[in-house]
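Subject: A structure for you to look at

Hi there,

Here is the structure I promised to pass on. Please open it alongside this message, and I will walk you through what turned up.

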Amino acid sequence: MHEDVAIVGSSDSVSYFRILGCRCFETEGGEMTEDIIAGLEDGDFEIIFVTEEIFGRYRDFFRGEKRFTGSAVTIIPDIRGARWEKGKPLAGTTAREEIREAVIKAVGQDVSDSVE
């Protein structure tokens with residue numbers, strides 16, 4: 001069904017995506033195994049969702065030059081330890097910082113303080 005979508009994270013975080021037919025890569029203790037790395041590199045994924053915990057540890061792997069050029073790598077909160085308040089991610093989370101950096105790159109300045 002959605003085999004072109006990969007999810008990487010703890011079993012609690014990825015299990016819901018399995019129902020949708022996504023390819024799930026379950027990590028143990030926040031570590032990616034060689035099998036997971038090979039599966040991601042060999043897969044032809046349009047979208048790769050990565051939990052904040054895993055992205056924080058493997059940022060260079062997911063942002064590596066030309067590794068996932070045809071894929072959109074998107075950070076999602078981990079089901080455990082997600083830090084949200086009033087429907088928004090708290091400042092300092094990996095996902096929020098990635099979005100902030102992308103906005104700075106796109107518009108040339110940090111406008112995150114002016115957005116409520």
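As this is your first look, please keep in mind that the model is predicted.

A good place to begin is the sheet. In which order do its strands lie? The sheet is open, has four strands and follows the order 2-1-3-4, with parallel pairing. Strand 2 and strand 4 (72-76) are at the edges with a single partner strand each, so one side of each has no neighbour in the sheet. On average, neighbouring strands are turned by 20° against each other, direction ignored.

Now for the pairings of strand 1. Strand 1 (residues 2-10) and strand 2 (residues 22-27) run parallel and are joined by six bridges; here A6 has R23 of strand 2 as its bridge partner. Strand 1 also pairs with strand 3 (residues 47-51), again in the parallel sense, over four bridges. Along this pairing, V5 lies opposite I47 of strand 3, and V8 lies opposite V50 of strand 3.

Next, the helices. Helix 1 packs on the sheet, where it touches strand 1, strand 2, strand 3 and strand 4. The direction of helix 1 makes about 165° with that of strand 2. Helix 2 (residues 34-42) packs on the sheet as well, in touch with strand 1, strand 2 and strand 3, and its direction makes about 155° with that of strand 2.

Finally, how does the chain get from strand 1 to strand 2? Helix 1 (residues 11-19) forms a right-handed β-α-β unit together with these two strands.

Enjoy exploring!

Best wishes

Conventions
Residues numbered from 1 in each chain as written. Predicted model: local features only at pLDDT ≥ 70, side-chain atom pairs only at ≥ 80, totals over all residues. Heavy atoms only, no water. Pairing = 2+ DSSP bridges. Right-handed = clockwise from strand over helix to strand, strands pointing away. Axes fitted to C-alpha atoms, helices over the stretch in contact; angles between N-to-C directions. Contact = heavy atoms within 4.5 Å.
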